[in-house]
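Biologist: Please show me the model, and then let us go through some of its side chains.

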Amino acid sequence: MRAKFIFEVQNSQEEYRELPVYYRTVFMAFLKKALSDYNSEYFRKLYWWEDKKNKWQKPFVYAVNLPNMNFLDDKVLFRGDIVLNLSTSDYEFFVNIYNGLISKNLYPYKLADHCVVKLKRSYLVKEPDQFDSTMTFKTFSPVLIEKKEGDDKIPVLPYEEGFEEILNDVIDFEIRNIRILRGQNRGLHKRISFKPKNIKKTVVKHKISEFEKNTGKEIMYLTGFSGIFELSGHPEDLKEIYQNGLGFRRAQGFGFIEVAR
């Protein structure tokens, strides 16, 4: 299930609008607000385990498109309407987040100073009629693949030794976690093969409270990749990746992929 939401920035006389460079974090808070306002019980089930944060894999991915964007120090400037792409395999999540985001009670919503938005329109996006064993995808947001070395997480990029093996471990773990939510304790049906076609390394500034608390630093730097690549595997696994995203931090605005036509 996929949907697009188009937001217009209100009361701005400037040609260029601005958001913090960590705009994905801003939208993460926005989605949580929409979800909790619409169905606080479901929101709590998804994000909390009694009085602790629920770190279980979230069954969705999103990507934010800021048209004509330019980075300037700690800001990102853009010109035009904001587009939010949302995708999930979970019907209950989709119903709750969609109804939350189209609720009139949510707007006007202050994303940041000088950036108050109102929903302009929303619509469902048609998914592929069928998924094949080999498909080409393009990224809407950077894909993050990491490996553990001691207490550290090290980014791993295509062309690096061991990438495909680590990629399979990450996908198997995430797909299994998402399927468990549907009562299916199953990871990948078949090993995934990754073939880069036109990809580049991407470094992103991001912000999460846990990193800030542990390091005292506000901004974290994440390294991933963007572009076009081919995946081969079981069609059901490719559909799961398409619907819920690829790699880490999918529910933080990373790993959104689309079928390349």
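What follows is a short exchange about one histidine and several aromatic rings in this predicted model.

Biologist: Is His-206 buried or exposed?
Modeller: His-206 is found in strand E14, residues 193-206. Its relative accessibility is 0%. Buried means under 20%, so His-206 counts as buried.

Biologist: Which side chain makes a polar contact with that of His-206?
Modeller: His-206 touches several residues beyond four places away in sequence, among them Tyr-22, Glu-218 and Gln-252. A polar contact of 2.9 Å joins the side chain of His-206 to that of Gln-252.

Biologist: How many residues apart are Phe-30 and Tyr-109?
Modeller: The count of aromatic pairs is 17. Phe-30 and Tyr-109 form a tilted pair, with 4.6 Å centre to centre and 45° between the planes. Phe-30 is in helix H1 and Tyr-109 in strand E9, and the distance along the chain is 79 residues.

Biologist: Are the rings of Phe-140 and Phe-256 stacked or edge-to-face?
Modeller: Their centres are 5.4 Å apart and their planes are at 10°. Planes under 30 degrees apart count as stacked, so the pair of Phe-140 and Phe-256 is stacked.

Biologist: Which of these two, Phe-140 or Phe-256, is buried?
Modeller: Phe-140 has a relative accessible area of 34% and is partly exposed. At 2% relative accessibility, the buried residue is Phe-256.

Biologist: Over the ring of which residue does the charged end of Lys-153 sit?
Modeller: Arg-2 lies over the face of Tyr-242, 3.7 Å from the ring centre. For Lys-153, the charged end is 5.9 Å from the centre of the ring of Phe-248.

Terms used: Residues numbered from 1 in each chain as written. Predicted model: local features only at pLDDT ≥ 70, side-chain atom pairs only at ≥ 80, totals over all residues. Heavy atoms only, no water. Helix = DSSP H or I, 4+ residues; strand = E, 2+ residues; numbered from the N terminus. Buried < 20%, exposed > 50% of the residue type's maximum accessible area, 1.4 Å probe, protein only. Polar contact = N/O pair within 3.5 Å; in protein donor to acceptor, adjacent residues only side chain to side chain. Contact = heavy atoms within 4.5 Å. Phe/Tyr/Trp six-rings, centres within 6.5 Å; stacked < 30°, edge-to-face > 60°. Lys NZ or Arg CZ within 6 Å of the ring centre and 35° of its normal.
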